[in-house]
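Please open the structure in a viewer and keep a selection tool at hand. The tour below proceeds stop by stop, saying at each one what to select and what is found there.

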Amino acid sequence: MSEKRKKRILRLCLVFLVLLSASIAFLLPHPMNEPKDNTVAVNDGHGTIRIEPIPGLPASTLRRSEFTHRDNAITYTGMEYTACQGVDVSDWQNEIRWQEVADSGIDFAVIRCGYRSYGIGELRPDNCFEVNYDGSGEAGLRRGVYFFSQAVSVEEAREEAAYVLLLLQGRALELPVFYDWETVTDPEGRANAVDGSIVTACAAAFCKAIEEAGYRAGVYFNKQMGYHTYDLAQCKDFTLWLAEPGKHPTFYYHAALWQYDHHGTVPGIDTEADRNILFEAKKIET
């Protein structure tokens, strides 16, 4: 091979190496390309977005590796929490054999006490609230309640809180009263177009009225609502209940209650039922 040909090949190799190095440098993370703010990347269920963590609202410390599927339930084995199994029910489940539910390992129930209709906005009691409250208590389960809201104003949210207190009539609860505001599939749903700032104000007003009456209060939401509808900074003093069906929660913030299955099966309940885990921090002995 001639000397001229060798030099030409050498030059081509050097050009190739330069181009390869530039390509690798372009693909690898570079400090200059990293966001210079305090945001973090999260998946909102549709894709990756960036959020700025809310001061005072703890991030989740749950580890994916500690979640296991056993029989009809998901369990959490992390040492920092006691993970209790629960269900949430309404009159849709019809008659429930609560002792069978308790014997299957269910520790708590969140019971719908009432709702506002999504059409005319009428306040109505859940037809099975009283029998579910009594039956679950007799079986030794801890109880909380939720109210399905269709409030379109703070005044309506306060009206809903007053209605819940009327339904409770001072009954004891071991778990919070949850505010469950949702859009509905009916395009005529009265609350479907309510702005997130109003939804947040309604939740805060409801929860404050409930806590002023001596109960604990909480807010129910799915991942999309947690990132895009609610300003959780205004809800950080209330118990968060996350609806995110799956093998483990991925929501950035800590939620004390996780609804992991909308189609669960539970002995003593003849229909599908929502399955939940309550994460209770273990006390550190000194």
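The tour begins with the whole chain and then turns to individual strands, residues and charged pairs.

**The whole protein**

Note at the outset that this is a predicted model. Colour the chain by secondary structure: six helices and 13 strands should appear. Of the 286 residues in the protein, 45% are buried. Displayed as a surface, the protein exposes about 15800 Å², of which carbon and sulfur atoms supply 54%. Contacts that span long stretches of sequence can be expected at the later stops: among contacts between residues at least 6 apart in sequence, 63% join residues at least 24 apart.

**The β1–β2 hairpin**

Select residues 40-43, which form strand β1, and residues 48-51, which form strand β2. The two strands run antiparallel and are joined by four bridges. Within this pairing, Ala41 stands opposite Arg50 in β2. The two strands form a hairpin with four residues between them. In the turn, select Gly45, which has a positive phi of about 100°.

**Strand β9 and its partner β8**

Next, select residues 177-181, strand β9. Five of the five residues of this strand are buried, so it is largely enclosed by the rest of the structure. Show the side chains: Val177, Tyr179 and Trp181 point one way, while Phe178 and Asp180 point the other way. In a regular strand, side chains alternate between the two faces of the sheet.

Add residues 142-149, strand β8, to the selection. Strands β8 and β9 pair in the parallel sense over five bridges. To locate one point of the pairing, find Phe148, which stands opposite Asp180 in β9.

**Arg143 in strand β8**

Remain on β8 and select Arg143, which lies in this strand. Is this arginine buried or exposed? Arg143 counts as buried because its relative accessibility is 11%, below the 20% limit. A polar atom of the Arg143 side chain lies 3.0 Å from the backbone oxygen of Tyr133. Display its surroundings as well: leaving aside neighbours within four places in sequence, Arg143 is in contact with residues including Ala109, Ile111, Tyr133, Ser136 and Glu174.

**Asp88 in strand β5**

Move to residues 81-89, strand β5, and select Asp88 within it. Which side chain of opposite charge is nearest to this residue? It is that of Arg275, 9.0 Å away, and Asp88 is buried yet has no salt bridge. Polar contacts are present nonetheless: the side chain of Asp88 makes one with the side chain of Gln259 (2.9 Å) and another with the side chain of Asn276 (2.9 Å). Not counting residues up to four places away in sequence, Asp88 touches Val110, Tyr146, Trp241, Gln259, Asp274 and Asn276.

**Salt bridges**

A search of the whole structure finds 16 salt bridges. Begin with Asp126 and Arg112, whose side chains meet in a salt bridge (2.7 Å, N to O). Asp126 lies in the loop between β7 and α3 and Arg112 in strand β6, so the pair ties together parts that are 14 residues apart in sequence. Asp126 is buried, with a relative accessible area of 5%, and Arg112 counts as buried at 13% relative accessibility.

Now select Glu130 and Arg171, which form a salt bridge with the closest N and O atoms 3.6 Å apart. Glu130 lies in helix α3 and Arg171 in the loop between α4 and β9, so this pair ties together parts that are 41 residues apart in sequence. Glu130 is partly exposed, with a relative accessible area of 48%, whereas Arg171 is buried at 18%.

The next pair is Lys223 and Glu244, whose closest N and O atoms are 3.4 Å apart in a salt bridge. Lys223 lies in helix α6 and Glu244 in the loop between β11 and β12, so the pair ties together parts that are 21 residues apart in sequence. Both Lys223 and Glu244 are buried.

For the final stop, select Arg116, Glu156, Glu159, Glu160 and Arg190 together. Salt bridges that share partners join these residues into one network.

How values were computed
Residues are numbered from 1 along each chain as its sequence is written. This is a predicted model: local features need pLDDT of at least 70, side-chain atom pairs count only at pLDDT 80 or more; totals for chains, interfaces and linings use all residues. Side-chain values use heavy atoms; hydrogens and water are left out. Buried means under 20% relative accessible area, exposed over 50%, partly exposed in between (1.4 Å probe, protein chains only). Lys and Arg count as positive and Asp and Glu as negative; His and the chain ends are not counted. A salt bridge is a side-chain nitrogen of Lys or Arg within 4 Å of a carboxyl oxygen of Asp or Glu. A polar contact is a pair of N or O atoms within 3.5 Å; within protein, one must be able to donate a hydrogen and the other to accept it, and residues adjacent in sequence count only if both atoms are side-chain atoms. Contact means heavy atoms within 4.5 Å. Accessible areas come from the Shrake-Rupley method with a 1.4 Å probe; for residues, only the protein chains shown count as cover. Two strands pair if DSSP finds at least two bridges between them.
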